[in-house]
There are 4 protein chains.
Amino acid sequence: MTDTRLQDMRAQVDVINLQILELLSKRATLTSDIGKVQAELGTTFYDPQREAFMLEQLERNNKGPFSNETIKALFREIFRASLALEEKEARAKILVQRKTPDEKTIIRMPDGYEIGNGDFTMISGPCAVESFEQMDTTAAALAERGVRILRGMAYKPRTSPYDFQGMGEPGLQIARQVANKYNMYITSEIMDLSQIPMMSDYVDIFWVGARNMYNSFLLKALGHVRQPVILKRGMSATLEEFLYAAEYIVSSGNPNVILIERGIRTFEKWTRNTLDIGGVAVLMLESHLPIIVDVSHSAGRRDIAIPMAKAAKACGADGLMVEVHPNPPVAMSDAKQQLYIHQFHELMDALGDVRKEPVAT
Amino acid sequence: MTDTRLQDMRAQVDVINLQILELLSKRATLTSDIGKVQAELGTTFYDPQREAFMLEQLERNNKGPFSNETIKALFREIFRASLALEEKEARAKILVQRKTPDEKTIIRMPDGYEIGNGDFTMISGPCAVESFEQMDTTAAALAERGVRILRGMAYKPRTSPYDFQGMGEPGLQIARQVANKYNMYITSEIMDLSQIPMMSDYVDIFWVGARNMYNSFLLKALGHVRQPVILKRGMSATLEEFLYAAEYIVSSGNPNVILIERGIRTFEKWTRNTLDIGGVAVLMLESHLPIIVDVSHSAGRRDIAIPMAKAAKACGADGLMVEVHPNPPVAMSDAKQQLYIHQFHELMDALGDVRKEPVAT
Amino acid sequence: MTDTRLQDMRAQVDVINLQILELLSKRATLTSDIGKVQAELGTTFYDPQREAFMLEQLERNNKGPFSNETIKALFREIFRASLALEEKEARAKILVQRKTPDEKTIIRMPDGYEIGNGDFTMISGPCAVESFEQMDTTAAALAERGVRILRGMAYKPRTSPYDFQGMGEPGLQIARQVANKYNMYITSEIMDLSQIPMMSDYVDIFWVGARNMYNSFLLKALGHVRQPVILKRGMSATLEEFLYAAEYIVSSGNPNVILIERGIRTFEKWTRNTLDIGGVAVLMLESHLPIIVDVSHSAGRRDIAIPMAKAAKACGADGLMVEVHPNPPVAMSDAKQQLYIHQFHELMDALGDVRKEPVAT
Amino acid sequence: MTDTRLQDMRAQVDVINLQILELLSKRATLTSDIGKVQAELGTTFYDPQREAFMLEQLERNNKGPFSNETIKALFREIFRASLALEEKEARAKILVQRKTPDEKTIIRMPDGYEIGNGDFTMISGPCAVESFEQMDTTAAALAERGVRILRGMAYKPRTSPYDFQGMGEPGLQIARQVANKYNMYITSEIMDLSQIPMMSDYVDIFWVGARNMYNSFLLKALGHVRQPVILKRGMSATLEEFLYAAEYIVSSGNPNVILIERGIRTFEKWTRNTLDIGGVAVLMLESHLPIIVDVSHSAGRRDIAIPMAKAAKACGADGLMVEVHPNPPVAMSDAKQQLYIHQFHELMDALGDVRKEPVAT
């Protein structure tokens with residue numbers, strides 16, 4: 001297949017490769033220095049007019065055989081690489097990104113309870129607070145199995161304005177009372193940043209729902225609270241957008257963010273959403289934040305909660321979110337997906353050990 | 001194919017059909033009366049415990065040949081129909097739903113300019129306010145072609161916290177100044193309800209972006225402003241969710257809502273989103289609100305803006321949203337999709353007549 | 001909340017419910033008898049003209065308060081239930097559907113090796129046969145870990161006609177030779193029913209790729225081969241369509257079908273497809289056929305194969321499909337997703353025990 | 001913002017840019033020569049082992065500041081560009097791609113009737129042939145409005161093996177008889193390449209359904225028939241895959257391919273699929289093949305056929321496919337989406353002129 005002509009020409013290509021490499025390195029050093037000057041001057045690294053100028057110059061000087069489009073595309077890649085280098089130096093990296101294989105955010109609650117420390121964290125409770133009895137019955141069962149984080153949802157984002165919108169502050173009072181009784185922490189959904197002061201009196205962990213994942217004003221405001229924040233993936237958010245949403249919180253000052261994968265929207269009709277278990281695996285590679293799998297909203301049906309929970313645990317997630325209700329068929333929301341209490345016990349039995357799986361690196 | 005046995009049995013089925021019909025009507029009258037009593041008592045129509053009781057009773061009395069599941073499914077349909085009837089009587093219907101084929105919301109601006117009156121409304125301007133010159137150059141071109149509504153975006157919802165987030169209030173000042181100069185109205189994106197008082201000083205039409213379509217707190221707050229509201233469809237929102245989001249605004253007191261279809265998320269990679277033109281046609285059947293088509297975010301590329309704009313107009317949409325920038329390649333956001341000014345003129349030429357297409361009914 | 005008026009009216013509703021129930025049962029018995037006569041006469045159960053007649057009659061007799069549309073919708077549900085009853089009696093059920101919680105298809109290969117018997121089945125090998133050495137090196141590693149089913153793909157369905165289309169029959173010869181050497185079974189993709197006679201000389205298990213899942217002519221033809229058939233879910237097939245595709249094979253005479261979930265198409269870009277792990281859980285509830293999870297095509301990247309494989313095993317799947325290549329970067333197809341041989345060993349270590357998880361019922 | 005330090009460093013960057021450009025051009029000429037030698041030797045251009053060698057060499061010589069990954073990514077782009085150049089020279093381009101703005105495939109039928117010549121082509125008829133009367137009634141109405149291409153579908157790809165699968169050859173005989181009576185052409189779906197000889201006796205235009213778009217064996221076989229081929233986009237095919245499917249036919253010898261966009265699968269539930277009108281606009285830019293819009297399968301409902309048809313025409317499509325049936329509610333398939341005959345007349349009135357829109361270029 002190879003004859004001497006080919007060998008000879010390939011050797012020439014090899015030489016050129018190394019010459020290009022040398023020029024690229026020299027260029028990168030220069031643009032890095034430019035970046036430093038720009039940082040001093042307080043200007044941004046990305047300068048589209050400068051890029052346009054350079055591209056035009058290259059186009060003018062290009063004699064082929066590459067087309068102008070190809071040349072511009074190649075140089076745009078070089079510009080992007082240089083920009084990435086400058087940004088990297090200036091800011092190290094995206095804060096929520098894992099820099100070493102064993103970097104891991106561990107969230108410590110006031111009494112020393114930890115999330116992300118290698119235990120498999122359970123977050124559970126009914127979809128919404130409906131009454132003291134409902135919360136009390138549920139929490140008793142959860143506490144019996146060692147669950148420490150209770151859903152205490154008092155504001156429900158609903159598709160229709162005529163659907164049940166949650167009990168509001170009285171619901172938070174019930175949740176607090178029940179949580180105190182069973183020595184649990186409350187997580188509760190915040191819908192608007194104006195609720196922060198009021199909710200801070202009741203809530204141990206703020207919860208940002210899928211519908212608010214892109215709400216950058218809320219995310220930035222939650223960068224300033226003392227409580228950890230649970231952040232759900234938007235219903236059609238890419239993983240990149242999800243991590244950037246977390247970055248809004250962390251870069252505003254609150255490092256204690258917990259990610260929840262809750263399924264994405266697809267054409268499939270036998271489940272409410274499609275749990276992106278591969279996405280969970282990717283997030284574990286990309287980020288040091290704890291990652292929880294919500295098997296209730298992803299499935300939308302309780303009959304597959306156990307195999308899905310086992311899958312979540314096996315793939316190395318830090319924990320599970322599952323809805324439990326004393327009488328699911330009469331629940332005021334998500335009646336089809338909440339577990340009966342006896343099913344919750346079966347699920348806990350099926351999960352076994354509370355240690356999470358080690359992540360392959 | 002039919003013999004006398006079949007004919008005879010079918011006649012019996014016909015009789016039973018009419019007996020069931022009679023019982024269903026009687027039942028509906030009764031549940032409607034129950035609904036009235038409940039309305040007096042201030043309770044909601046939907047009572048899951050009552051339903052559970054009735055289903056259990058039916059299950060106990062079912063002797064086949066239908067399975068219990070089939071019987072329960074059929075009665076759940078009957079319950080749902082009754083509930084729909086009660087809700088219909090109590091509230092007529094969803095406010096944003098079209099009740100007659102020619103019902104149409106017309107939005108009147110202070111100087112008498114109308115949206116939804118049968119003219120084809122153009123909304124245009126750059127993706128974001130970047131400078132006075134940029135806005136001035138663009139607005140001059142738009143005004144020349146009779147465009148009255150100018151994008152004056154000063155807050156940009158961005159995936160990354162490190163991307164350009166908009167000029168903020170100074171951007172609004174620029175937009176206001178330019179709009180006044182060319183006798184135009186400003187529409188500008190609101191990100192959080194706390195911005196309402198400040199923005200009200202600058203903005204003629206509030207704009208709710210795709211990322212905030214589910215933000216019910218913001219939507220309800222915009223039910224109390226005097227300005228009309230442009231509402232974009234969420235990036236993976238169903239049409240039903242979209243109309244309910246509008247219902248949040250309208251049911252809170254502001255009838256002047258304009259819907260924008262801006263493409264939905266799919267697997268396709270050659271366009272940024274997939275413009276749901278069939279969805280536009282469905283929305284026109286279902287709702288009386290004006291419907292605008294955004295050909296910039298749906299395509300994510302400027303080279304197909306003209307055929308898409310013509311499609312939008314032909315299918316009966318009330319107008320078009322298209323981004324225009326004096327120098328798109330150096331734009332601080334959405335550089336690939338904004339039209340050059342000369343392209344905007346070509347698009348206006350291609351659209352021709354400013355009257356919208358009549359909707360087939 | 002309830003007063004005597006309500007109690008009284010509710011009691012009347014209860015009576016009507018039971019009267020409707022009785023009529024529904026009577027009607028179902030009649031239509032079931034009609035179905036038997038039709039079966040004798042050899043006509044199909046579904047008779048749209050008869051339905052149209054009945055609906056028209058009901059419309060004519062409807063005096064409200066339900067609208068004609070509501071009445072027609074309710075009766076269409078009743079018709080559908082009756083039809084389901086007739087079909088159930090005539091055919092019991094869809095063949096691939098699980099009728100009892102412990103029903104399970106076990107596929108026995110000639111030497112007694114079984115798939116679906118509770119062991120966790122590994123199917124592995126390179127994406128495509130490229131050379132004897134490549135197959136031999138891979139198979140040696142697989143055999144070392146007890147893998148019995150070897151990918152021996154000689155026909156590759158490719159997006160572009162200019163991409164590598166597989167080695168063809170010489171590839172099958174290589175695969176056969178290598179499989180014999182290591183006492184393995186070959187599975188190989190069939191692209192067209194005309195290949196059946198030739199491929200039958202080489203192949204132990206036919207493989208239907210995602211692109212052919214809807215190819216009913218091929219599926220029916222594979223109902224007549226003696227070998228088992230592996231059926232991959234189409235890239236955007238619903239679970240219902242997937243099971244019906246299997247039904248085409250089984251109802252044509254071949255009960256030995258193995259389902260493979262391989263990820264579905266979504267907007268997510270960090271994985272090639274989105275593995276539908278919830279779908280796997282649903283399939284295990286709905287069907288008695290063995291279900292295999294393909295972690296290579298679903299992820300499209302090798303760095304998350306291990307957590308995904310563990311998730312697949314934990315959720316109760318019957319086995320795993322993973323691509324392995326001696327030198328993935330130079331593979332002629334799917335270079336990014338094939339495992340290095342050392343990674344395959346790590347994956348086998350991570351999976352541990354070869355018994356599958358019991359399915360929760 | 002710029003000071004002399006910046007200006008100086010930028011000038012140095014400009015010099016390096018041009019040096020890199022020169023090396024890239026030199027490299028491209030060399031690899032192009034290598035490609036010619038390879039073409040003589042009959043080897044493929046893509047040589048992954050050579051690439052692996054070059055990347056390794058670069059990695060060994062890289063001293064920063066770019067990371068090895070960045071360097072490898074940049075060079076992979078360079079390799080890809082070189083490869084593209086070689087392939088371009090060897091094969092000019094993808095056959096179905098438009099090379100000049102006014103290149104357009106015009107398909108001539110035996111009597112001189114043309115598709116793609118600037119007229120707006122109507123393809124219509126019922127979903128499936130059910131009887132002579134049904135076809136005759138429909139065709140009479142179509143012929144009255146000048147429609148020349150009749151759907152004569154005798155093989156129906158159905159989800160369930162128990163659904164109506166079409167009348168088979170007797171259906172083709174009916175279609176042929178009716179088409180002859182009204183001087184129309186028949187298009188009919190082919191399911192398997194084994195049907196080609198038989199169907200060739202009846203069919204004027206072969207039809208490849210969405211489920212067979214990836215069936216490369218069938219596509220290649222249709223490259224050898226004398227009839228034109230209508231190719232539908234797969235239900236979740238990307239536009240790139242769609243064009244490559246057409247390339248399978250054209251590169252096998254049959255240039256007369258007509259593309260049909262029929263909607264893609266998304267989460268939206270109010271329409272059966274989502275018509276990708278932006279995709280139609282992109283296809284018109286990318287390809288010279290005629291492009292038809294199917295408003296029946298994309299919508300799945302007849303009440304929005306008119307606005308969708310107008311949109312299709314306005315965006316510059318070459319024609320329309322719409323299903324028409326004398327009595328849609330009793331149709332054996334797709335009952336909800338077929339137009340009544342009076343609706344077909346309304347649609348033709350609404351479309352007006354039979355000339356297609358010029359494509360903006």
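What follows is a walk through the structure, from one chain to the way its copies meet.

First, some housekeeping. This is a predicted model, so local features are given only at pLDDT of at least 70 and side-chain atom pairs only at pLDDT 80 or more, while totals for chains, interfaces and linings use all residues. Residues are numbered from 1 along each chain as its sequence is written, and chains are lettered from A, with ligands numbered from 1, in the order in which they are written.

Let's start with chain A on its own. Its C-alpha trace spans about 80 × 55 × 40 Å along the principal axes. The secondary structure adds up to 12 helices and 10 strands, where helices (H or I, at least four residues) and strands (E, at least two) are DSSP runs numbered from the N terminus. Of the 361 residues of chain A, 54% count as buried. Here, buried means that 20 or more other C-beta atoms lie within 10 Å of a residue's own, exposed means 12 or fewer, and partly exposed is anything in between, with the C-beta atoms placed from the backbone. As for contacts, two residues make one if their C-beta atoms, again placed from the backbone, lie within 7 Å. Among contacts in chain A with a separation of 6 or more, 66% are between residues 24 or more positions apart.

Chain A is split into domain 1 (4–91) and domain 2 (107–351), with bounds that come from an automatic or database domain assignment. The C-alpha centres of these two domains of chain A lie 46 Å apart.

Now look for the barrel. In chain A, 8 strands form a closed barrel in the order β3-β4-β5-β6-β7-β8-β9-β10, with parallel pairing. In general, strands of a sheet pair through backbone hydrogen bonds, either parallel or antiparallel. Strands are taken as paired here if DSSP finds at least two bridges between them. Neighbouring strands of the barrel sheet in chain A are turned by 25° against each other on average, direction ignored. For a close-up of one pair, go to β3 (residues 121–125) and β4 (residues 149–151) of chain A, which run parallel and are joined by 2 bridges. One place to look is A:Ser124, whose bridge partner in β4(A) is A:Leu150.

A helix worth picking out is α9(A), which lies across β8 (257–261) and β9 (291–294) of chain A and runs at about 170° to β9(A). Angles like this run from 0 to 180 degrees between N-to-C directions, and the axes are lines fitted to C-alpha atoms, for helices over the stretch in contact.

Next, how does chain A meet chain C? On chain A, 38 residues are in contact with 38 residues of chain C. The elements giving two or more residues to that side of chain A are α8 (239–251), α9 (277–286), α10 (295–299) and α11 (305–314). By type, the residues on this side of chain A are 21 nonpolar, 9 polar and 8 charged. In that count Ala, Val, Leu, Ile, Met, Phe, Trp, Tyr, Cys and Pro are nonpolar, Asp, Glu, Lys and Arg are charged, and the others, Gly among them, are polar. Chain A superposes on chain C by a rotation of 180° with 0.1 Å of shift along its axis, at an RMSD of 0.1 Å. That is the relation of a two-fold axis. In chain A, the C-alpha nearest this axis belongs to A:Ala311, 2.0 Å from it. The superposition is by least squares on the C-alpha atoms of residues with pLDDT of at least 70 in both copies. Since 100% of the interface residues of chain A are also interface residues in chain C, the copies meet through the same surface.

Then there's chain B. Here 27 residues of chain A are in contact with 27 residues of chain B. On chain A, α2 (48–61), α7 (216–222) and α8 each supply at least two residues to this side, and α8(A) gives the most, with 5 residues. This side of chain A divides into 13 nonpolar, 9 polar and 5 charged residues. A turn of 180° and a shift of 0.1 Å along the axis lays chain A on chain B with an RMSD of 0.1 Å. The C-alpha of chain A nearest that axis is that of A:Ser236, 3.0 Å from it.

Finally, a backbone detail. B:Asn183 sits in the loop between α5 (169–181) and β5 (185–189) of chain B, and its phi is near 55°, a positive value in a residue other than glycine. B:Asn183 counts as exposed because it has 11 C-beta neighbours inside 10 Å.
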